[in-house]
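Please look at the sequence and the model below before reading on. The paragraphs that follow lead from a set of strands to the interior and then to contacts between side chains.

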Amino acid sequence: LYCSDESSFDVSGRQITLAAWIKTTNPGPKPILSKGGRASYSLELVGASPYFKVLLGDANEGTVVQDGLDVNDGEWHHIAGAKEDDRLVIYVDGLVAAALGISDTNNIATSNWRVGIGCDEMWENDPESPGSTFDGALDDARIYDYALDANEVAHLTLGAPSVYYPLESVANLYDAEPVNSKKVNFKDFAVLADNWLKTKFWPEE
């Protein structure tokens, strides 16, 4: 799927986040979400692992971060790449999988290529391209013109039955619920009330 209006997907600053759900059993290199292959920014599957690359300024080579996790296991995985001011980060299923510090202060390069979701226009026009289309299922692809932090990326994974990201909360006192069913509820209130009665922590008349 290609998105028209190429210029609207150019990033004018130094930050960006690419994110999508993927499900595949096939190895890369395959594009997940990109603008002109590696001419601006790209989130890919290389081998069995996520790969995130941005081109900064007029550099011929982009800055790359890749983790060693295998995500081509036929299960749904949430993949995200965030370009912060001073580092690139890859997230897998809401958790940091790899990070790379960078000192280049240039903005992310713009290009005339269309944004491809599961496909890549530059690779499609290159006869030596290793593969221009993603081989598998892909859902909820997103582009942000700023760097999401770890909590924001983790929030994107909510609603997926196979992913559990524990959110710390002082109110979550009862923690015996099964994974994917943890929540603040009356059981937590019961623990709170019991502790309150034991400590007799209430104002005197």
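In this predicted model, strand β7, which covers residues 77-83, pairs with β8 in the antiparallel sense, and five bridges join the two. One of the positions to look for is A80, whose bridge partner in β8 is Y91. Between β7 and β8 lie three residues, and the two strands form a hairpin.

On to the next pairing of β8. Strand β9, residues 95-101, runs antiparallel to β8, and six bridges join them. Here V89 stands opposite A99 in β9. These two strands also form a hairpin, with two residues between them. Within that turn, D93 has a positive phi of about 55°.

Is β8 mostly covered or mostly open? The strand is mostly covered, since five of its six residues are buried. This leads to the interior of the model. The largest nonpolar core has 23 residues, and the members that touch the most others are I16, L18, I32, Y41, F52 and V54. Several strands supply at least two residues each to this core: β2 (16-23), β3 (30-35), β4 (41-46), β5 (49-54) and β8 (87-92). Which strand gives the largest share? That strand is β2, with four residues. Apart from this core there is a second, separate one of nine residues, and V89, L148, V153 and L156 are among them. V89 may be recalled as the residue of the β8 and β9 pairing that stands opposite A99.

The next topic is contacts between charged side chains. How many salt bridges does the structure hold? There are three. In one of them D85 meets R14, and the closest N and O atoms are 4.0 Å apart. This pair links distant parts of the chain, for D85 lies in the loop between β7 and β8, whereas R14 lies in the loop between β1 (2-3) and β2, 71 residues apart. D85 has a relative accessible area of 34% and is therefore partly exposed. R14 is likewise counted as partly exposed, because its relative accessibility is 26%.

Another salt bridge joins E84 to R87, with the closest N and O atoms 2.8 Å apart. Is E84 buried or exposed? E84 has a relative accessible area of 17%, so it is buried, as the limit for that class is under 20%. Its partner R87 has a relative accessibility of 29% and so counts as partly exposed.

The remaining salt bridge is formed by the side chains of R142 and D140, at 3.1 Å from N to O. R142 is partly exposed, because its relative accessible area is 32%. D140 is partly exposed as well, because its relative accessible area is 31%.

A contact between rings completes the tour. A search of the whole structure finds one aromatic pair. Which residues form this pair, and how are their rings arranged? The partners are Y144 and Y146, in an edge-to-face arrangement with 5.7 Å from centre to centre and 75° between the planes. The angle explains the name, because planes over 60 degrees apart count as edge-to-face. As for their surroundings, Y144 counts as buried because its relative accessibility is 18%. Y146, by contrast, counts as partly exposed, because its relative accessibility is 36%.

Conventions:
Residues are numbered from 1 along each chain as its sequence is written. This is a predicted model: local features need pLDDT of at least 70, side-chain atom pairs count only at pLDDT 80 or more; totals for chains, interfaces and linings use all residues. Side-chain values use heavy atoms; hydrogens and water are left out. A nonpolar core is a set of buried Ala, Val, Leu, Ile, Met, Phe, Trp, Tyr and Cys residues joined through side-chain atoms within 4.5 Å. Buried means under 20% relative accessible area, exposed over 50%, partly exposed in between (1.4 Å probe, protein chains only). Rings of Phe, Tyr and Trp (its six-membered ring) pair if their centres lie within 6.5 Å; planes under 30 degrees apart count as stacked, over 60 as edge-to-face and the rest as tilted. Two strands pair if DSSP finds at least two bridges between them.
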